[in-house]
Amino acid sequence: MITSPKLNELESSFLRTDLPDFRVGDTVRVHYRIVEGDKERTQVFQGVVLKRHRAGARSTFTVRKISFNVGVERIFLSHSPRIEKVEIVSKGVVRRARLFYLRDLAGKAARVRDQKDV
């Protein structure tokens with residue numbers, strides 16, 4: 001994909017600099033602002049980062065958690081103004097860029113090794 005300097009300049013004005021440096025395999029807690037009717041609240045989504053898509057202002061990351069024995073995945077726009085903050089709960093040690101194999105695993109098999117366990 002060819003990008004023009006004007007497009008890069010426009011995109012750079014929307015980039016966030018307050019996000020922590022997290023990687024695939026890390027467990028993160030995403031504080032996401034939700035609008036319900038005329039009220040606004042913050043919802044916390046905690047899970048393992050399955051993948052990151054790095055594309056400037058269009059960057060995304062996918063987080064997976066197990067809720068009531070059902071796997072739930074959510075894709076977040078990295079530079080969205082709706083994200084209040086991203087906290088790193090634990091650093092994971094993985095040897096893959098995409099952790100889609102976790103979808104087929106359950107229970108203890110679906111754990112990611114923690115950096116302090118290595």
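Which residue has its charged end over the ring of Y32? In this model, which I should say at once is a predicted one, that residue is R74, whose charged end sits 4.6 Å from the centre of the Y32 ring. I would like to use that contact as a way into the sheet, then the core, and then the aromatic residues.

Let me begin with the sheet. There is an open sheet of 5 strands, in the order β4-β3-β2-β1-β5, and the pairing is antiparallel. The edge strands are β4, covering 70-77, and β5, each of which pairs on one side only. Neighbouring strands in this sheet are turned against each other by 40° on average, if direction is ignored. As for how β4 is held in place in the order, 8 bridges join β3 to β4, the two running antiparallel, and one particular bridge partner to look for is G71 in β4, which is matched with I66.

Now to the core. The largest nonpolar core has 12 residues, among them F22, Y32, F45, F61 and F76. At least two residues of this core come from each of β1 (27-36), β2 (39-53), β3 (60-67) and β5 (83-90), and the largest share, 4 residues, is supplied by β1. Apart from this core lies another, of 5 residues, which includes V24, L50, L99 and L102. As general background, nonpolar side chains in soluble globular proteins tend to be buried together.

Within the largest core, F76 is a useful residue to click on: leaving aside residues up to four places away in sequence, F76 touches V30, Y32, F45, S59, T60, F61, V63 and I83.

That brings me to the aromatic residues. A search of the whole structure finds 4 aromatic pairs, and one aromatic cluster is formed by F22, Y32, F45, F61 and F76. Which arrangement do F22 and F61 adopt as an aromatic pair? Their pair is edge-to-face, with 4.9 Å from centre to centre and 70° between the planes. Because F22 lies in the loop between α1 (5-12) and β1, whereas F61 is in strand β3, this pair ties together parts that are 39 residues apart in sequence. Both partners are also buried, F22 with a relative accessible area of 1% and F61 with a relative accessible area of 0%.

Finally, F22 has a charged neighbour as well, since R52 lies over the face of F22, at 4.3 Å from the ring centre. Set beside R74 over the ring of Y32, that gives us two arginine contacts to inspect on the aromatic cluster that holds F22 and Y32.

Terms used:
Residues are numbered from 1 along each chain as its sequence is written. This is a predicted model: local features need pLDDT of at least 70, side-chain atom pairs count only at pLDDT 80 or more; totals for chains, interfaces and linings use all residues. Side-chain values use heavy atoms; hydrogens and water are left out. A nonpolar core is a set of buried Ala, Val, Leu, Ile, Met, Phe, Trp, Tyr and Cys residues joined through side-chain atoms within 4.5 Å. Buried means under 20% relative accessible area, exposed over 50%, partly exposed in between (1.4 Å probe, protein chains only). Contact means heavy atoms within 4.5 Å. Two strands pair if DSSP finds at least two bridges between them. Axes are lines fitted to C-alpha atoms, for helices over the stretch in contact, and angles run from 0 to 180 degrees between N-to-C directions. Rings of Phe, Tyr and Trp (its six-membered ring) pair if their centres lie within 6.5 Å; planes under 30 degrees apart count as stacked, over 60 as edge-to-face and the rest as tilted. A charge sits over a ring if NZ of Lys or CZ of Arg is within 6 Å of the ring centre and within 35 degrees of the ring normal.
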